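Grab your viewer and work through the exercises below. Each one sets a task and then walks through a solution.

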Amino acid sequence: MPVSAEARKPLILISNDDGITAPGIATLVRVMRRLGEVVVVAPNSPQSGMGHAITIGSSLRLDPSTIFEGVEAYECSGTPADCVKLAKHHVLKDRRPDLVVSGINHGSNSSVNVLYSGTMSAAIEAAIEGLPAIGFSLCDYGHGADFSHVEEWVEYLTRQALEHGIPSGTALNINIPKKSAAPIAGARLCRQARAKWQEEFDLRYDPYKRPYYWLLGNFVNEDQGQDTDEYALAHNYISIVPCQFDLTALHALREMNTSWQLSPTPTGKAAAAAPAPGSAQPAPGESAAGLG
């Protein structure tokens with residue numbers, strides 16, 4: 001007799017960028033096992049800062065792992081995005097995950113860090129595939145980071161996602177404050193803060209006197225808004241930022257539609273099928289009002 005949808009446990013796919021042996025993913029597996037059936041596909045070595053890189057010039061290896069007792073798990077030689085692709089097309093095949101969760105990352109992925117994050121790239125890759133996804137990060141970069149205060153919140157927010165859903169084409173970027181004497185104040189839906197790294201490259205020399213460079217930098221928050229992820233984290237709140245993979249700058253599209261003249265062609269001859277000046281249009285299904 002087939003199992004009803006109500007009785008079936010949610011299928012939860014887990015990945016990360018710190019590698020399958022990282023304490024953060026062990027915490028995530030422990031929490032997710034309370035919520036559903038878990039499958040893990042994670043890198044076999046640290047992949048932090050890989051962003052949305054994929055492996056196209058070399059082979060990928062996928063080996064079973066027994067690191068999590070009683071959990072189907074695999075370690076992959078590729079990037080976090082590779083892990084999600086292989087999970088969907090090979091490991092799970094015709095089984096569709098109810099949720100993809102990535103992390104728990106050792107270190108913040110708030111603000112501009114989301115662009116470099118392998119943790120969030122696994123979640124974004126899932127969103128590209130039409131799967132609801134969450135990337136969890138703890139604002140503590142230490143390998144021995146204390147995750148004891150995050151489990152209750154991770155379980156609660158994951159239950160929210162399973163019960164109420166995540167908007168299509170969206171991955172949630174959830175950052176959790178480092179453990180402190182004060183309890184977490186709550187969770188807030190936020191926008192991504194306008195912040196960046198002020199970087200420099202330190203010139204150094206190896207024992208053979210050959211030069212090399214080491215990236216250094218300071219994180220600068222230029223955003224004074226009280227609705228941002230950086231503000232929430234600074235006040236001991238969990239930040240939740242819905243992210244999308246469509247990088248179109250709609251404000252720039254509006255501005256350029258009124259200022260750039262794209263027809264006639266530079267030679268003075270109008271192209272046969274050239275659109276009228278300022279004719280950039282919304283994607284199918286998006287109303288023109290959505291650009292206003």
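## Exercise 1: A nonpolar patch on the surface

Phe201, Leu203, Tyr205, Tyr213 and Leu215 make a nonpolar surface patch of about 580 Å². Keep in mind that this is a predicted model. Task: work out which strands supply the patch, and check whether Tyr213 is buried or exposed.

Solution.
- Step 1: place the residues on strands. Strand E9 (195-205) and strand E10 (211-221) each give at least two residues to the patch.
- Step 2: find the main supplier. E9 provides the largest share, three residues.
- Step 3: look at Tyr213, which sits in strand E10. Its relative accessible area is 56%, and the cut-off for exposed is over 50%, so Tyr213 counts as exposed.

## Exercise 2: Reading the sheet

Task: give the strand order of the open nine-stranded sheet, then find its edges.

Solution.
- Step 1: write the order. The sheet runs E3-E4-E2-E1-E5-E6-E7-E11-E8, and its pairing is mixed.
- Step 2: pick out the edges. E3 and strand E8 (186-189) are the edge strands, each pairing on one side only.
- Step 3: add the twist, which averages 25° from one strand to the next.
- Step 4: zoom in on one pair. Strand E6 (residues 133-138) and strand E7 (residues 170-176) run parallel to each other, paired over six bridges. Gly135, for instance, has Asn173 in E7 as its bridge partner.
- Step 5: bring in a helix. Helix H1 (residues 23-32) packs on the sheet and touches E1, E2, strand E5 (99-106) and E6. The direction of H1 makes about 145° with that of E5.

## Exercise 3: Helix H2 and its cover

Task: list the buried residues of helix H2 (residues 80-91) and say what covers them.

Solution.
- Step 1: collect the buried residues. In H2 they are Pro80, Ala81, Asp82, Cys83, Val84, Ala87 and Val91.
- Step 2: identify the cover. It includes strand E1 (11-15), strand E2 (37-43), strand E3 (62-65), strand E4 (72-76) and helix H3 (118-128).
- Step 3: check this against the packing. H2 lies across E1, E2, E3 and E4, and runs at about 135° to E2.
- Step 4: step just past the end of H2, where Lys93 takes a positive phi of about 50°.

## Exercise 4: Salt bridges, far and close in sequence

Task: the count of salt bridges comes to 15. Take the pairs Lys88 with Glu129, Arg159 with Glu155, and Asp227 with Arg191, and say where the partners of each lie.

Solution.
- Step 1: start with Lys88 and Glu129, whose side chains meet at 3.6 Å, N to O. Lys88 belongs to helix H2 and Glu129 to the loop between H3 and E6, so this salt bridge ties together parts 41 residues apart in sequence. Both ends are partly exposed: Lys88 has a relative accessible area of 26%, and Glu129 has 21%.
- Step 2: move to Arg159 and Glu155, which meet at 2.9 Å, N to O. Both are in helix H4 (residues 151-164), and because they are four residues apart, about one helical turn separates them. As background, an α-helix has 3.6 residues a turn, so residues three or four places apart point the same way. Arg159 is partly exposed at 35% relative accessibility, whereas Glu155 is buried at 17%, with the buried cut-off set at under 20%.
- Step 3: finish with Asp227 and Arg191, at 3.0 Å, N to O. Asp227 lies in the loop between E10 and helix H5 (229-234), and Arg191 in the loop between E8 and E9, so this pair links parts 36 residues apart in sequence. Asp227 is partly exposed at 41%, and so is Arg191 at 30%.
- Step 4: look for shared partners. Arg30, Arg34, Glu151, Glu155 and Arg159 are joined by salt bridges into one network.

## Exercise 5: The whole chain

Task: how many helices and strands does the chain have, and what percentage of its residues counts as buried?

Solution.
- Step 1: tally the elements, which gives six helices and 11 strands.
- Step 2: get the buried share, 42% of the 292 residues.
- Step 3: turn to the surface. The chain exposes about 16400 Å², and carbon and sulfur atoms supply 54% of that area.
- Step 4: sort the contacts with a separation of 6 or more. Residues 24 or more positions apart account for 76% of them.

Terms used:
Residues are numbered from 1 along each chain as its sequence is written. This is a predicted model: local features need pLDDT of at least 70, side-chain atom pairs count only at pLDDT 80 or more; totals for chains, interfaces and linings use all residues. Side-chain values use heavy atoms; hydrogens and water are left out. Patches are made of residues with over 30% relative accessible area and no salt bridge: like charges are joined within 9 Å, nonpolar side chains (Val, Leu, Ile, Met, Phe, Trp, Tyr) within 5 Å. Accessible areas come from the Shrake-Rupley method with a 1.4 Å probe; for residues, only the protein chains shown count as cover. A salt bridge is a side-chain nitrogen of Lys or Arg within 4 Å of a carboxyl oxygen of Asp or Glu. Buried means under 20% relative accessible area, exposed over 50%, partly exposed in between (1.4 Å probe, protein chains only). Contact means heavy atoms within 4.5 Å. Two strands pair if DSSP finds at least two bridges between them. Axes are lines fitted to C-alpha atoms, for helices over the stretch in contact, and angles run from 0 to 180 degrees between N-to-C directions.
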